[in-house]
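Here is a quick tour for anyone meeting this structure for the first time. Take a look at it, then read on.

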Amino acid sequence: MSVAAIAAVTALVAGGITAGLIAILHVLEPEYDPSWRMISEYSLGRYGWVMRVAFVTMAISPAATCVALWPFGGAWTLGLAAVALGALGAAFIDADPIMTPRAQATPVGRAHTVLGGLCLAGFPPAALLAGVGVAAALGWMPAIASVVPLAGLAWFLIASAPAHGQGGSPEIRVGWPDRFCLLAYLAWVVLAAVDVLSVV
């Protein structure tokens, strides 16, 4: 198998593990209401190590996708590697509880917010750029499909706007858009990886 094919398979496996682990955490830690609690907060619970592993596999998935797409898009795919760094950093730096007002955030929580923001807000433009970069070799579907992650990010930003730095609450339902973003991002990785595997 070529390096691109191995990387594509790695991206698929890592993405599947990420989705599976987070699905399991919904069962293991039901106290984190998915309607308004962020995925990152699972790292604060009894099974925090499971979320840390999920963050690592979440980092591997876009990093491997970058490697898989590199022969077709070159530097256009580097944004995916930057996104991977955000997820990897979040694996080792815990979030503050969502109820924490911005003024009371800990230095560790602030660092997690920056890293999580790199992953959450960085993936849609990275996917779009990578899609444009590989269009000549793989077609325009990856670029077109990046609309779904962009829509997820827009939903998240709209849902989180009422917080205004005051911290989350059950009335500010950012949990579902947060989870939608994750699924949209992983679905894009699947599409990109399958496109690579179809030509190598």
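What share of the contacts in the chain with a separation of 6 or more comes from residues 24 or more positions apart? The figure is 71%. Keep in mind as you read that this is a predicted model.

## The chain as a whole

Let's start with the overall build. The chain has 7 helices and 0 strands, so if you follow the sequence from start to end you read the pattern α-α-α-α-α-α-α. The C-alpha trace spans about 50 × 30 × 25 Å along its principal axes.

How does that fit with a compact globule? For 200 residues, such a globule would have a radius of gyration near 16 Å, and the chain's 17 Å agrees with that. Buried residues make up 50% of the 200 residues.

## Helix H2 and what sits on it

H2 covers residues 48-73. Its 26 residues reach 36 Å from first C-alpha to last, close to the 38 Å expected. The helix isn't perfectly straight, though: it bends by about 30 degrees at Val67, with a proline, Pro71, following within four residues. Right after H2 comes Gly74, whose phi is positive, near 55 degrees.

Two residues of H2 make a nice contrast. Trp49 lies in this helix and is exposed, with a relative accessible area of 56%. Its C-alpha atom is separated by 9.0 Å from that of Ala91, 42 residues apart along the chain. Leu69 lies in H2 too, but it is buried, with a relative accessible area of 1%. Setting aside residues up to four places away in sequence, Leu69 touches Gly74, Thr77, Leu80, Ala130, Val134, Leu138, Trp188, Ala192 and Val196. The C-alpha atoms of Leu69 and Ala8 are separated by 8.3 Å, although their positions lie 61 residues apart along the chain, counted as sequence separation.

## Helices H3 and H4

H3 runs over residues 78-92. Its 15 residues should span 21 Å, and the end C-alpha atoms are 23 Å apart, which agrees. Which residues of H3 are buried? They are Leu80, Val83, Ala84, Gly86, Ala87, Gly89, Ala90 and Ala91. The buried residues of this helix pack against H2, H4 and H7.

H4 takes in residues 107-138. With 32 residues it should span 46 Å, and the 43 Å between its end C-alpha atoms agrees. Where does H4 bend? The bend is at Gly122, by about 45 degrees, and a proline, Pro124, follows within four residues. Just after H4, Gly139 takes a positive phi of about 90 degrees.

## The nonpolar core

In soluble globular proteins, nonpolar side chains tend to be buried together. Here, the largest nonpolar core has 54 residues, and Met51, Met58, Leu69, Leu80, Phe123 and Trp188 touch the most other members. H1, H2, H3, H4, H6 and H7 each supply at least two residues of this core.

Phe123 shows how that looks up close. Leaving out residues up to four places away in sequence, Phe123 touches Pro62, Leu80, Val83, Leu118, Pro149, Tyr185, Trp188 and Val189.

## A buried threonine in H1

Is Thr18 buried or exposed? Thr18, which sits in helix H1 (residues 3-28), is buried, with a relative accessible area of 0%. Apart from residues up to four places away in sequence, it touches Ala54, Thr57, Met58, Leu182 and Leu186. Met58 is also one of the core residues that touch the most other members.

## Cysteines without partners

A disulfide is a covalent bond between the sulfur atoms of two cysteines. How many does a search of the whole structure find? The count is 0. Why is Cys66 not bonded to Cys119? Cys119 holds the closest cysteine sulfur, but at 14 Å from the sulfur of Cys66 it is too far for a bond. Cys66 is buried, with a relative accessible area of 6%.

Cys181 is in no disulfide either, and its nearest cysteine sulfur, that of Cys119, is 9.7 Å away. Cys181 counts as buried, at 0% relative accessibility.

Terms used
Residues are numbered from 1 along each chain as its sequence is written. This is a predicted model: local features need pLDDT of at least 70, side-chain atom pairs count only at pLDDT 80 or more; totals for chains, interfaces and linings use all residues. Side-chain values use heavy atoms; hydrogens and water are left out. Buried means under 20% relative accessible area, exposed over 50%, partly exposed in between (1.4 Å probe, protein chains only). A disulfide is a pair of cysteine sulfur atoms within 2.5 Å. Contact means heavy atoms within 4.5 Å. The expected span of a helix is 1.5 Å times one less than its number of residues. The bend at a residue is the angle between axes fitted to the seven residues ending there and the seven starting there. A nonpolar core is a set of buried Ala, Val, Leu, Ile, Met, Phe, Trp, Tyr and Cys residues joined through side-chain atoms within 4.5 Å. The radius of gyration is taken over C-alpha atoms; the globule rule is 2.2 Å times the number of residues to the power 0.38.
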